[in-house]
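Open your viewer and get a cartoon view ready. We will go from stop to stop, with something to select at each one.

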Amino acid sequence: MESGLVVSVAVQPATPRGRLWTIAAIAVLLVAFCAAATVARIRVPEAVGFVPATQGMIFVTDLTTAALLFTQVSLIRARGLLVLANAYLFTALIVVVHTLTFPGAFAPRGLLGAGPQTTGWLHIIWHFSFPAAVVLYASLKDAKNKIGISARLIIYGSVTGMVVLICAILWGVTAIDEFLPPLFLDRQTFSPFVFYTGAFDTIICGIAFWRLTTRKTSVLDEWLTISVAATTAEMAMVTFFSSGRYDIGWYSVRLFSLVSSTAVFLALLTENTRLYARISTALWALKRERDNKLLSAQAAAATLAHEIRQPLALMMLNVEAGMRFLRKTPPDLEATRQHLEMTLQDCQHLNETIEAIRSLFRKMDQPEQLVDLNEVILAVLKSQQDELARRSIKVRRELTPGLSLVYGYEAQLEEVIVNLVSNASDAMGMMSRENRVLTVRTRPRGRDAVSVDILDTGPGIDPKRLGEIFDAFVTTKPHGSGLGLAICRRIIEYHGGELTASSDGQSGAEFHILLPARRQSGSVREEGIGAKVDLDGVTPAPGGLA
């Protein structure tokens, strides 16, 4: 299952940093082993609850590790990983049996019919099965063939098989306890035979360690190496240093065993958490990208509707006026012709508007040109004169003669002026007719810049909202799209200028455009005005909407 390759630590390659952590952990184990070995034979008081407490923790961690590994098996169906999952399940179950049969833990001679040698042989089987399973895992981990049966059948079969195996082992070692080679001379002292069984398990651990460290390793292998190193330390302590139960060497064996059981558990817990965090981040990013694409489409539609509404309104007014002149007796053909010419100009302007909008959302090959802002303003005021007159708005033009030219895209700069004039006209609609004055001013700003100021006598803008009026989808109009000012600011910024607003919230609003004068051709951003317009989260893709 290929998707498992993304989320399984069993196939994530080990990193140099991970290898350093593995070496450091093994070094710490070696130091602890050497420290315990120097005092291994010193007897200490018997702690009755020590074995149940430590092995209870081992049971929980091994069982959880087995469950996590079975989850990994269900993802990647690797035979080697299935062997390892069963090994941890087997260890968790045999720990329970070993604890119940341990003399003095729950009964003086142990439970489940245990004899004097039962726990010793269970310990030997326990510490043989784990490294042997690791050797088999290392041999199968690169196998190409996958498990072909369902994950549920794998888990049910494994659990049933391990329970049956543990029961068979328990029955065997208790039934023939008196015939087994003795591992204890009395309740506490090891027999010489422990050397042979312990050495055999130590060798198996060494083989497992060698197999893991001499092959291409994964993140799981690195942590598994620590577990095998801790198991090796256990058996080496039992074989060569400890003299029996309840000396320092024997107590250290349980602590090494606890380290062995928790290493892979911590690996699966931390690495899976890290991997799933990355997946969650990726899913969140994909969702955000999808939402942004939807928002971009909405922005494109809203922008188109916003920008063509005014030219369409002017066209309708001119057509209606022309129809009125045609209905006269006799028809006023000259007035009709003038309104038809104005309608034709509006159609041309609408086409330029649509092209300007397209350039906002994708790269265009339109050239820059020298633009006279005075002429742009006069053209806008001429196209708006009927609407301004209908609303009884007085226009004051304070245009500086001989104003420096700017490089840019005339259609887009014209759209900015149209938007600002239209907004000012709308804002003054609620004022008395004698108090409606629109002022449009141009002036030089030093030698390298020119400014355009558009002032109205409307109710003004709340000073607290001045910082957000240029955000996309923020509007003070009942039916506004909230895109006009956002688009205007982006156009001016991509011309290398800035658009700002000021108001005291009572006596009108002022919008100020500052543009560089006579810039060299190509000074507008190389990617073009429309390469990417980020309307505060609305980011159309280059080349058009995705």
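**First stop: a loop with an unusual residue**

Start by selecting Y246, which sits in the loop between α8 (219–240) and α9 (248–327). Keep in mind as you look that this is a predicted model. Y246 is not a glycine, yet its phi is positive, at about 70°. Is Y246 buried or exposed? Its relative accessibility is 4%, so Y246 counts as buried.

**Zoom out to the whole chain**

Now colour by secondary structure: the protein chain has 13 helices and seven strands. Of its 546 residues, 47% are buried. If you display contacts with a separation of 6 or more, 79% of them join residues 24 or more positions apart. Switch on the surface and you are looking at about 26,900 Å² of exposed area, 63% of it supplied by carbon and sulfur atoms.

**Into the cavities**

Next, turn to the spaces inside. There are six cavities of 30 Å³ or more, and the largest holds about 180 Å³ of space. To find this cavity, select G120, H123, F184, F190 and V238, the closest to its centre among the 15 lining residues. Which helix gives the most to this lining? It is α5, with four residues; α5 (118–140), α7 (193–213) and α9 each supply at least two. The lining is made up of eight nonpolar, five polar and two charged residues.

Then move to the second largest cavity, with about 100 Å³ of space. Show its lining as sticks: I58, D62, Y88, T91, W126, H127, F130, T231, E234, S257, S260 and S261. At least two of these residues come from each of α3 (50–76), α4 (79–101), α5, α8 and α9. By class, you will see four nonpolar, six polar and two charged residues around this second largest cavity.

**Over to the strands**

Select S392, found in the loop between α11 (373–390) and β2 (394–398). S392 is another non-glycine residue with a positive phi, here about 60°. With a relative accessibility of 28%, S392 counts as partly exposed.

From there, step into β2, which pairs in the parallel sense with β4 (residues 437–444) over five bridges. Label V395 and look across to L438 in β4, which stands opposite. On to β5 (residues 449–455): β4 pairs with this strand in the antiparallel sense, over six bridges. Here T439 stands opposite L455 in β5.

Finish at the turn of this hairpin, where four residues lie between β4 and β5. One residue to pick there is G446, with a positive phi of about 75°.

Terms used
Residues are numbered from 1 along each chain as its sequence is written. This is a predicted model: local features need pLDDT of at least 70, side-chain atom pairs count only at pLDDT 80 or more; totals for chains, interfaces and linings use all residues. Side-chain values use heavy atoms; hydrogens and water are left out. Buried means under 20% relative accessible area, exposed over 50%, partly exposed in between (1.4 Å probe, protein chains only). Contact means heavy atoms within 4.5 Å. Accessible areas come from the Shrake-Rupley method with a 1.4 Å probe; for residues, only the protein chains shown count as cover. Two strands pair if DSSP finds at least two bridges between them. On a 1 Å grid over the protein atoms alone, a cavity is a set of points where a 1.4 Å probe fits but cannot get out, and a pocket is an open set with protein on both sides within 12 Å along at least five of seven lines; lining residues have an atom within 4 Å of a point. Grid points are joined across faces, edges and corners, and a volume is the space filled by probe spheres set on the points. Ala, Val, Leu, Ile, Met, Phe, Trp, Tyr, Cys and Pro count as nonpolar, Asp, Glu, Lys and Arg as charged, and the others, Gly among them, as polar.
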